[in-house]
Every structure is written in C-alpha cells, then in structure tokens.
Amino acid sequence: MGFVLTKPLKQIIVVSHTHHDREWYLPFEDFRWQLVKNVDQLLDLMEEDSRYRHFTLDGQTIVLEDYLEIRPENRPRVESLAKDGRLLIGPWYVLADEFLVSGEALIRNLLLGHQQAKALGPVMKVGYVPDLFGHIAQLPQLLRGFGIDSSVFWRGFDDKGESLPTETRWQSPDGSEVLNVHLGASYGIASNLPKDVDATLAQLLMPVTILGPRATSSAILLPNGSDHLPPQPHLPGLIESLNQRLKSSDVLAGQSLGDVFSRLLTTMESPASFFEFQPDVKQLEGSLTQLFSPTVESLKGVEFKHGTLRDYLDIVRQEVDVSELPVIHGEQRSSKHFAILPGVLSARIYLKQANFASQMLLERWAEPFATIAWWLGAPYPTVWLKRAWKFLLKNHPHDSICGCSIDSVHEDMERRYEWCQQLTNNVLSDAITTIIKHADTTPPTSVPEPCFHSFLVFNPHTWAHTDVVRIILHTEKPAESLKGSTLYDAVGNPIPAQITPGPQIDSALHPFIDQHHLPSPESGEPKSIKLEHTLLVTFVAKDVPSLGYASYHLAPTLSDKEQAKSALKIGEGSDQLSAENPFIQLKLSPSDGTLTLHHKPSKRRYKRLLTFEDTGDVGDEYNYCPPTKDRRVTTHRTRPTIRLVEQGPVVATWEITSSLTVPEEAATSRGSRSTNTTKLALRTLVSIYDGVPRVDVSTHINNTAKDHRFRVLFPTSLKADTAWADTPFHVTERPIKAAVHEWETPLYPTLMDLLFTYAFQSPAVPGKPLGWFEDASTTHPQQTFVDVTSESAGLMIASRGLPEYEVLDDKQRTIAITLLRAIGWLSRNDLTTRRGNAGPSLATHGAQCLGPHTYHYAIIPHKGTWRDSKTLRQAQAFAVPLRSIQISQHKPASLETLSGRHSFLSIEPDNLFLSALKKAEKIGSTVLRFYDACGIEVTARVQTSITPDNIAAATLAEEPSLTPELQFPTSQTMTLTITPHRIQTLMFQLRKRS
C-alpha cells in the first residue's frame, strides 16, 4: 500500500523563507541578534547572486521593523529588493494567534502591516499564516477586506482532509471566499536542503509523495525554510543541478533508493530530525522501493523553480477551475492531522486577562471617545494611539499571547501591557475632559440645594444601557456628614442608591491626590480642591445614552415621599442567603456555597452553579495532560463561610470563603499527583442587582499548588448537543461531544510513519496507533461568553479575559470555565495527549502561576435562544462596564453646550455591535465599523449627534467599497442593509456649518 501520484507533475515551486518567532524559547533581543545576522546575509546574497530570485519574510513586517531599527542604513537596500519583487513583505504586522485576540486587533494588525509594507515596496497579497494554532471562521472575510484573495496555512485543517486536495475554497460565514492552500507537509518540509543532489532528492521524495496525490494542478509547493533559518546560498546552483538530473531518463543516476538514502544520512547534521529514528537503510531498501519508486518515475522531466507563493497560486488559477474546488467552511481547529496545541488557551491566564483589559480600554474607550472629542474640536491623538496599538500588537504573536514561551518573554509582555494601558488611560482622560468642558453639568432645578457632588456616567455601548455603577467620590467632609442625602438623575428624579464611607486615603499620599482637579464653573479650567475623604456610591444607572453619558447629583433629601422604589428583595433573618429581582431568584447553599438560580422569564431553575474543581495537569504550556492516576478535588460539601457583605436597595453581595486541600504538585513519576497537600484559599463574591438580569461573580484564589488545573462549573441541565461561543466577529457553534478518535493511516505522515505503516503494517510508536497527532480537544476558545441553549431557555457564562471553556458531555451539560492552569514546562515529549515535543523541553517556573489571582465572570440566564433575547448585549456590557467620573457643576459659556444626558452615536437593531470608531488613517474622515453577530439580515440605523457628510462604504483597509447601497441622510441618520455575518465599515466627514 503506497501513495500514487494522480496527475502528471511538471513544476515544483521552491519558496525560500524564514519563520521568525520574535520571542519564544529565547527572549526578543536574542532572537533579534540572529535575525539581523540572517537578514544581513540575505541582502548580501540577493545582491551578489541574481539567480537567488526570491525570499519571503514570513508574512509579517515586524521582521523588518526590528531589523531596520538596528540597521537603518540598509533601508534603501531593502526597498530596492522589495520593489523588484524579490523580497516579499507583509501583509501582517505580526503573526498573531487568531482566537486569543479581538477581531478588531486582527484588522489593525493587517492595517499596520500594509502601511509598513507599502512604505518599503509592494504588499505580498497572500494570507500567509503558516504556524498559527488554528484559524477563525471570519479570516476569509478579513483577508478579502484587504484585497487578499488567498490563504496559506498548516495547522487546524478540516477533519475531512483525507478526501480534500491541497487547494480548497474557504468560506467565512458571510460567504466571503479565498483560495486556500494547505501546507500539507508543514512550512519547513524543504528546509536545510543538502548541497548534494542525491541527498536532496532523497529528502524531497517524502514531501512529493505526500503532496503529489493532493495536487490540483501540475505543480506542488515546497517551502524552503523554517524557524529562524538563514537563506541557503547554494540553492540556485542546487536547483540547476536538480533540473539537469531530472532531464535524464535515470533520475537516480544508476543508484538504488537505499544508496540515495544512505547519502542523505551522511550529509544531514541530524538524521533523527528527518527519520525520527536511525534505520539500517539497506535493511529497509525493499520498503523504500515500494514506497518511492512511483514518485521517482513521476519526477522525470519535472522542473524546479525558485519562486513565490503568488507564483504557485497563479499556476493553480491558470490550470484549475477554482469554482469546482471543494469548499471548507468556518473555523479550522481540527487536531487530526497536525497539533493545534489547545492548552495555550489557558497557559498563563494572567496574560489573557491583561490582554483583554488592554484591548477593551483601547478599542471601546480610548479610541471612540478620542474620536468624539475630535468631533468637538480637540486634536486627534494619532501618535499616542498608534504607539498604544503597537505595544498591544507586539504581544499578539502566537508564541507570546499563547503563554508558551520562557518566563522572561512573558515578563516583557506584562510591561508592554502596562505601557499600552498607561497611554490609553491618558488618551481617554483627555477625551473625557474635552467632553466635560462642553457639557452642562449643573443640576436640574428640581434637585434641592446645596448639591453636594456631581458626576457623569459614560456608556461605551451603542445602545442605551442600564447597569450597576460604583463610584468613589472624593469629598471635603467625612462621609457621615452626607447621611440622609439622595442621588438624583440628569432630569432630577431621585433614584435608589447605597451610600457608604469609601476607602480611607493614606495620608502619605495626600500631596499627590488632595489636589483633585475638576473644571471650575467660571472658566472650565482646572481648579484645586483639598479632598481628604471618600464616599462610595452604588446605584443602577438606567438607560445611559448610547455611546454617551448621563449626569448624576448627590443632594439633600426633600421628603420620604420622593424616595425611589427598589425591586431588589433580600431574605430576612435566617433567610439571608437569598435575594431576588424582577428577573432572577437566587439562593446560596450553606453546605458548599453553590447557587440555585430561578430565571423568572423562562421559568427555568439551575442548581449547583459555582462548584470549583481541581485536577492534575502533567502537560506543558501547549497541552493539558491529566496524570494517568488523577485525583479530582471539588468544593462539594466544603462548608464555606458565607457573609452578606452588601445589603441595600441596589445590590446584595455575599462573600463565600473556603479553602480547598489539593495535592502539592505532580508526583516524581508524573503518573499521579503528590501525596503531599497544600491549601488553596478561595474567596468569591456573588452580587445580584436591582433591575439587572444577571449575577456577577468574582473569585480570588491564592495558588500554592503546582501541576494542576482549576475550573469553575455550571451545570445547565439543558438538552443540547452544541454550545455557542463568542469568537472574533462571530458566534461559533461547536459540538459538545468530542470528535471520535478513529486511529488510522495518517494523511500527512513522517517517513517513519510511511515505513512502519506501509512496509511493516504496524504502528511506529508501540501501543499508540497512528492517525491523530493530538487528542481531539474538548476545550475551546471564547472571547466574552459561552452559551448552552435549548429551544426554550439557555444559560450564558460571560467573562473578562478567561478564554478557555469546555461543555462537559454529561447529563447536566456542565459549562466549565478554566480559571488557572499551572504547569512547569514549555514543552515535554512524554504527554499522552500529544505526539512528540512542541518546542524545546525547558522549565518555566512562571507558568505555575503561584500567588494571588482574581477572576471576573457573570451568570446570564435567558428565555429562548441567545438569538431571541438581548443576551449578547448583557455579555458585552459585562465585558465593558460603565465608567464614571466626578465633576464640578458648570455650564459652558462660549462652547456649544451639551445637555446633562447626551448620545453621540447609536446603532440598531440589537444584533449589531461596534468594532471601531476612529479617525481614518489617511484623510480627515471618521471610520465607523460594526458587525452582525446573529447571522440575520437587517436594516441598520446609525444615529449620530453630528451631521455626517460624504458618507461612503469602505473596506477594512479604509478604501472605497462599491457595496452596500446607502441611503444618504439629510439629517443625522444613516440606513443600510447588513447581510448576515457582515463586518461593515463606513467612512464619513463632519458637515461644515454654514
């Protein structure tokens, strides 16, 4: 049984490249040291030898950014080679993991990559993503938005790969399509080619044997390069020699296959890297002949060409009717043929939390409100925002955000997140200050005097939103002096509020915080007030205007009659472990701290929510791997201490404290968990609010254990076979039951697999059949939520920066959210869940994540499916909460005055979500981007507080687009049709006032 070439082979396109991991098993500067040497050598080689035609710089422009920072004098040389089409650069800025970053971050990645590539030469218009750990469903739409009509990837390819050719049509949920090339033998299959022709032929027989039967055209693609490798100067001469040999009727020049493979073993630096074992070639000569003789025959007359990815794609398009190619749909996350390394979703979760916070601050706060301030006349902080984006994007490469590098790499990442947040907080502060200067913040006449304090609540969402707000007010007088005061909204209505003393200010910090800057009533300029005390005000802000603000005022109480009614009821006496609002009845179990939740609209009851589970993990940063003899520990019957720590008309909060005794680490053999134990201190806060249809939870853990996974469980008891999760620009449905492990002949085998399977009819690894490279993953990625839905009801768990979930294939359809995965190795080669190493075997103490951690998540029950309800809005609102800022009371004298409640922009209907509001890169226009999350066609209505002019649909690259049809407004409303799953970009200017 062997592979048989099904088409006459005419050309082999050799694409020289290097795959550059900016930071991984070495820190950034160590890898840059090697990068500079490699690029120096490349420039010299290409200038000295015109036969060395092309080199691909890994599809990411940061390679040249890092290089030219050290060698700025070589920029003209780079530009010359790029403009000649010999040096291929772009289209990405970095090769980012697609699931752990936001969709908007992927767009900015492409936008910056295109800008940098165009500054040096043409952009390589190929969606090259060689080594990412799976691919999102909407990637074809993102690529098409930048004029890219093809993709090239390796990992995650469709489970049905056995029946698919190398080229397929890959469609996004919206119907966007690219011609996809699957790197069926990896991106490094033709790396380190020997100078010897016979040895090179021996090395290439395997990839030709693998790729030939799947070829759709007369060509196959051989990537010549791999991680951090320099160019091979002898390649042009080698290609000439290969072509001369292949013109001969005797490709092997009178040698046997055994002789040829023996030559390969003597020329390779490490035979094991190719064979994965060191065979007696003579003993295997019969097997080699059986396997490769058809391939040798097929090589007669074939021409090797030093080319590019575009060269290969052009051949396919010329020879193949692309419309007849099979179609693959949606995300590509199969581990059947190559490992997708799903454990990276939960490795070093603290990085994922920092990334989530940085993205939300930049995308949903700093940029949109800086744009609004620009509408009001302030300068747009282009330089600062671009710098913040670059700090963020430099953390997005797959070896960085995935948490699968050495400790020092991730320490550098933490600093970049800090720098990103420092910049974006300053941008946001300036933007808010501009808005405040234009706002009339004086209390309505119905608010009694004297008004003690005023503040604004800002809403980053494009719908009027109701949610809880907590603000610490700085006061001149102690909190006790404000007892009996009432909170009033922007129109003077009293609203329920919990007003308590705030945190004590450290007197040592007084010189830095007691000069609290607020705009003065007279000039709008800052004034200084000595504020030594604090007040905590908690309330539910109702219908805060979309992408806008509402003012609130703390003032004396006129009479008992004006006190607003609260719908929050808390149990009394012995029943203080329960509460309810109009949506939810909640009860806490004194025996284990779990929750029973009754959702009134759906009449559905959920029990035993909030169980914590700890299991062993002897895997590495790439893969979870339970020990053979695991020991599961849960909080079932732990008898925690439960206290009602907040009780009022607005919020009821319980504190649940306990400790969980778990094994201290893995046993020395790593087959079980240690008999030594340690205690994990747990503290969980559970809150229910007046008028908010969710339950918020925060969990604090002090991790003192190693080699384990810690999760929180939510049994749904819903009848469902699939779960839904938020991914970039899409809500993705995935089966709950794991893919079946049908161990079989591998589609893309190593030579060892070929020899043992076809020649010896036995597996290469004793006791482990061939087939899947990695256990089919039961854990999956999410952005902000996972949902299990039946026909009549559903349960959604939203979170902030917790990207890994699993829905257990049990009767309860339990949702499991990973809070912590503590492991001590970058990679190991003894896992039962993955074949071989995924990187060097290096100890990574920091990946054990010892010390304190805090996690935020929410329970959101709903009636009907998630599409039927406004549940997605609740998940988004939890992910990006309302913000508030204390202000002085003033009315602008010379500026266009904004009222105490103001909306700058709204988008309807409720299946549309904001992705970006920014200034255009090239011209003085506003860029507005939003997308359909529910897969339904709607008429979008975009309302702005300014009058837009020159409105046009645009591509993701901010270029004019021919679609969709727009109804140009005569006022401040834009309407257009949004087809299912579309990512829509609009550009407009401000209409000049007459």
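Begin by selecting Ile 12 together with Phe 304, a residue of β9 that serves as its bridge partner. The model on display is a predicted one. Extend the selection to strand β1, residues 11–16, which is joined to β9 by four bridges in the parallel sense.

Next, add β8 to the view: the three strands make up an open sheet with parallel pairing, in the order β8-β1-β9. The edges are formed by β8 (219–224) and β9 (303–306), each of which pairs on one side only. Between neighbouring strands of this sheet the average turn is 25°, direction ignored.

Two helices should now be displayed over the sheet. Select residues 235–246 to show helix α7, which lies across β1, β8 and β9 and runs at about 165° to β9. Then select residues 309–319: this is helix α11, lying across β1 and β8 at about 170° to β8.

The tour continues with the cavities. The structure contains 14 of 30 Å³ or more, and the largest has a volume of about 240 Å³. To centre the view there, select Ser 102, Met 360, Gln 783, Gln 876 and Tyr 931, the closest to its centre among the 21 lining residues. Colouring α12 (349–375) is instructive, as this helix provides the largest share of the lining, five residues. By class, the lining comprises nine nonpolar, eight polar and four charged residues.

Finally, select Leu 100, Phe 356, Gln 782, Gln 783 and Pro 803, which lie nearest the centre of the second largest cavity. This cavity encloses about 110 Å³ of space, and its lining consists of six nonpolar residues, six polar and one charged.

Notes
Residues are numbered from 1 along each chain as its sequence is written. This is a predicted model: local features need pLDDT of at least 70, side-chain atom pairs count only at pLDDT 80 or more; totals for chains, interfaces and linings use all residues. Side-chain values use heavy atoms; hydrogens and water are left out. Two strands pair if DSSP finds at least two bridges between them. Axes are lines fitted to C-alpha atoms, for helices over the stretch in contact, and angles run from 0 to 180 degrees between N-to-C directions. Contact means heavy atoms within 4.5 Å. On a 1 Å grid over the protein atoms alone, a cavity is a set of points where a 1.4 Å probe fits but cannot get out, and a pocket is an open set with protein on both sides within 12 Å along at least five of seven lines; lining residues have an atom within 4 Å of a point. Grid points are joined across faces, edges and corners, and a volume is the space filled by probe spheres set on the points. Ala, Val, Leu, Ile, Met, Phe, Trp, Tyr, Cys and Pro count as nonpolar, Asp, Glu, Lys and Arg as charged, and the others, Gly among them, as polar.
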